[in-house]
Amino acid sequence: MKRMLSVVVAVGLALSLASPAGAQQDTLAKVKDSGVLTIGTRTGSPPFAYINKNNEWVGFSIDLVEMLVKPEVQKAVGKPIKVEKKESTPPTRIPLLSSNAVDLIAGTMTDTPQRREAVDFSLTFFYTGAQFLVKKGSPIKSVNDLAGKRVAAQQGSTNAKILREKYPQAQLREFPDQPAAFQALLQGQVDTYTNDGIQLYGLKAKAPKPDEWDVVGDFYSEEPYGMAMRKGDAKFKAAVDAGLKNGFESGKYFEIYETWFGPKGELPYPMTPQVKAYLLKQIGK
Amino acid sequence: MNYQFKWSVLWSGQSGVWLLQGLITTVEISALAWVLAAALGILSGALRTVPWKLARALATFYVEFFRNVPLLVWMFFWYFGVPPLLPRAVQDWIFNHSAEFWAGMFALGVYHGARMSEIIRAGILSIPRTQFEAAMAMGLTTFQAYRLVIVPIALRLIVPPATNDSLNLLKNSSVALTISVAELTFQTRQIETYTAKAIEALTAGTVIYLVLCVGIAAIMARVERRFAIPGLIARGG
């Protein structure tokens with residue numbers, strides 16, 4: 001038995017040491033070789049990235065990559081490239097990035113100091129905060145009403161972490177993706193579902209009967225969204241940031257925003273002056 | 001890519017407690033599901049070989065229906081599909097009393113029961129027919145023959161494949177994280193979320209599963225030796 005254990009430990013160590021070896025350091029070189037920029041994005045997070053009624057994989061985050069980041073990366077590698085999409089969820093996105101399966105996470109990922117130890121983030125491209133989706137008339141009005149309530153959150157999300165640490169009186173149920181969490185809310189397995197406010201508005205709009213649902217509560221967290229990439233790849237980060245920066249400067253970013261969040265967009269969500277100032281401050285304006 | 005290993009994430013902060021909690025949940029859900037699977041497996045495995053047509057048909061239906069649908073679907077079925085059939089008050093009560101754990105346990109137990117059933121049936125079919133006839137000749141009823149002779153012998157014959165499937169059951173318990181059961185795999189992901197150290201967290205999970213499974217296999221190997229029926233199993237070497 002003792003000998004078996006040491007074998008087990010040795011195999012585990014060998015596996016873990018072997019995986020990062022031979023990894024590529026330079027994303028731009030990789031993109032240049034393959035002609036493909038692979039992004040990890042969501043399938044059920046309207047309007048950032050989701051499968052629409054016509055079965056197309058679209059969204060605000062995807063458009064930002066296609067229209068702002070892609071031209072800049074093409075300039076950097078000196079040839080036309082294709083953008084390929086892979087599904088990534090909060091628990092899988094950092095491993096997908098570290099294992100080189102994807103080059104850029106462009107979905108709904110919040111830029112946090114902790115994550116910055118593992119990945120690099122682009123400029124912030126959206127700003128929101130955590131709120132609650134509840135059935136109309138629910139006693140839950142804010143983060144202070146959670147005692148004894150069953151609260152769904154996404155596994156690996158910043159919201160789940162805050163609730164676990166600061167509001168242990170809630171019964172936290174963590175689901176791997178948004179559709180499962182929302183299904184649990186629809187059926188009453190949970191009393192509320194918490195996520196970034198904008199995503200909850202997205203869900204509400206897509207619900208069978210949108211009028212039955214309310215998004216409630218002040219932001220109990222700050223969620224600046226960024227695109228994530230492998231750590232220490234300065235050249236690639238410069239290209240991604242340049243793409244977003246050009247978008248902010250030329251106004252192209254705000255046009256894309258308008259198509260998704262404007263009055264005729266997928267999810268009307270006017271940009272507040274504070275958010276606009278926050279975004280522009282990043283480029284020194 | 002320059003990956004910086006930091007194994008200390010596994011014992012700093014709450015990681016240790018989480019891994020332990022995850023381990024306990026995994027063992028609990030697997031043990032309960034195993035008991036359910038064994039009971040359903042023995043019952044339906046035996047029924048598939050009895051001389052009554054209706055009983056055979058029922059057992060066959062159970063096996064084919066439950067083993068041929070993916071486990072993930074069963075998880076969703078027991079968690080999302082079954083509760084709406086119950087009265088609202090009952091629903092609220094079970095949702096407040098770890099519905100996800102019980103749904104996961106049922107999904108795992110019923111699914112593996114169907115697989116266990118086939119193993120038991122194989123064990124029963126490998127017993128010479130004369131054994132059953134001898135039991136009847138002793139004046140036992142069919143039920144007594146199964147309870148006292150056939151099933152006990154079959155159980156002693158099927159230890160290796162049953163061990164195999166029991167280990168599968170243990171590992172399949174990780175599917176329950178899709179319905180928010182905080183078992184071992186869930187907790188390793190949790191550590192990864194907090195520390196962004198995926199390789200360390202996954203290695204910890206892998207080693208724990210391995211140790212658990214190797215331990216069970218070792219115990220079952222002893223059980224197998226202890227209960228082998230001399231003369232019925234051809235021993236190699």
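How are α3(B) and α5(B) oriented to each other? The points below take up this question within a predicted model.

1. Chain B as a whole. The secondary structure of chain B comprises ten helices and zero strands. Following the sequence, the elements of chain B give the pattern α-α-α-α-α-α-α-α-α-α. The C-alpha trace of chain B extends over about 70 × 55 × 30 Å along its principal axes.

2. Burial and contacts in chain B. Chain B has 237 residues, of which 39% count as buried. When contacts between residues at least 6 apart in sequence are considered, 80% of those in chain B join residues at least 24 apart.

3. Geometry of the helix pair. Helix α3 of chain B covers residues 71-81, and helix α5 of chain B covers residues 99-125. Their axes come within 8 Å and cross at roughly 135°. An angle from 115 to 145 degrees counts as oblique, and α3(B) and α5(B) are therefore oblique to each other. The crossing in which α3(B) passes α5(B) is right-handed.

4. Residues of the contact. On the side of α3(B), the participants are L71(B), W74(B), M75(B), W78(B) and Y79(B). These meet a set of residues in α5(B), namely A99(B), E100(B), A103(B), G104(B), F106(B), A107(B), V110(B) and Y111(B). By character, the residues of this contact between α3(B) and α5(B) comprise eleven nonpolar, one polar and one charged. The charged residue is E100(B), and the polar residue is G104(B).

Technical notes. Residues numbered from 1 in each chain as written. Chains lettered and ligands numbered in written order. Predicted model: local features only at pLDDT ≥ 70, side-chain atom pairs only at ≥ 80, totals over all residues. Axes fitted to C-alpha atoms, helices over the stretch in contact; angles between N-to-C directions. Helix = DSSP H or I, 4+ residues; strand = E, 2+ residues; numbered from the N terminus. Parallel < 35°, antiparallel > 145°, perpendicular 65-115°, else oblique. Left-handed = near helix turned anticlockwise from the far one by under 90°. Contact = placed C-beta atoms within 7 Å. Buried ≥ 20, exposed ≤ 12 C-beta atoms within 10 Å, placed from the backbone.
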